[in-house]
Amino acid sequence: MLWQWVEVSSLGQNTRIEQEYKQKLARVTQVRKELKSHIQSLPDLSLLPNVTGGLAPLPSAGDLFSTD
């Protein structure tokens with residue numbers, strides 16, 4: 001009799017754990033879809049103009065703090 005109760009209890013616990021994992025899997029799947037959508041909506045950086053070629057270099061620390 002006791003073994004039947006343990007078996008039923010274990011089965012119920014396994015079912016609960018299975019449901020928890022299914023919920024976690026659904027959440028992971030949802031986050032993956034959102035991340036994929038976000039990544040696809042980012043601009044293609046290779047198509048942006050080259051802005052670093054025409055900029056002057058930054059001043060050195062010595063130039064910033066000189067008292068001239």
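Is Lys22 buried, partly exposed or exposed, and what relative accessibility does Lys22 have? Keep that one in mind; the tour gets there shortly. One thing before you start clicking: this is a predicted model.

**Start with the whole chain.** Show everything as a cartoon and you'll find two helices and zero strands. Switch on the surface next: the protein exposes about 7,000 Å², and carbon and sulfur atoms supply 62% of that area. Now try colouring by burial. Of the 68 residues, 0% count as buried, so don't go hunting for a core, because buried here would take under 20% relative accessible area.

**Select helix H1, residues 2-41.** Helix H1 comes before a loop that leads on to helix H2 at 61-64. Turn on side chains, since the next two stops are both salt bridges, and the structure holds two of them.

**Stop one: Arg16 and Glu20.** Pick both and draw a distance from N to O: the side chains meet in a salt bridge at 2.8 Å. Both residues sit in helix H1, four residues apart, which is about one turn of the helix. Check the surface around the pair, too. Arg16 is partly exposed, with a relative accessible area of 45%, and Glu20 is also partly exposed, at 34%.

**Stop two: Glu18 and Lys22.** Here's the residue from the opening. Lys22 counts as partly exposed, at 48% relative accessibility. Its partner is Glu18, and the two side chains form a salt bridge with an N to O distance of 3.4 Å. Again you're in helix H1, with four residues, or about one turn of the helix, between one partner and the other. Glu18 is partly exposed as well, with a relative accessible area of 41%.

**Stop three: Leu35, Ile39 and Leu42.** Select these three and bring the surface back. Together they make a nonpolar surface patch of about 290 Å². Click on Leu42 and look at the cartoon beneath: Leu42 is found in the loop between helix H1 and helix H2. Why can Leu42 be part of a patch at all? Leu42 is partly exposed, with a relative accessible area of 47%, and patch members need over 30%, so Leu42 clears that cut-off.

**Last view.** Leave the two salt bridges as sticks and the patch of Leu35, Ile39 and Leu42 as surface, and you have the stops of this tour in one picture.

Conventions: Residues numbered from 1 in each chain as written. Predicted model: local features only at pLDDT ≥ 70, side-chain atom pairs only at ≥ 80, totals over all residues. Heavy atoms only, no water. Patch = residues over 30% accessible without salt bridge, like charges linked within 9 Å, V, L, I, M, F, W, Y side chains within 5 Å. Areas by Shrake-Rupley, 256 points an atom, 1.4 Å probe, with all protein chains shown as cover. Salt bridge = Lys/Arg side-chain N within 4 Å of Asp/Glu carboxyl O. Buried < 20%, exposed > 50% of the residue type's maximum accessible area, 1.4 Å probe, protein only.
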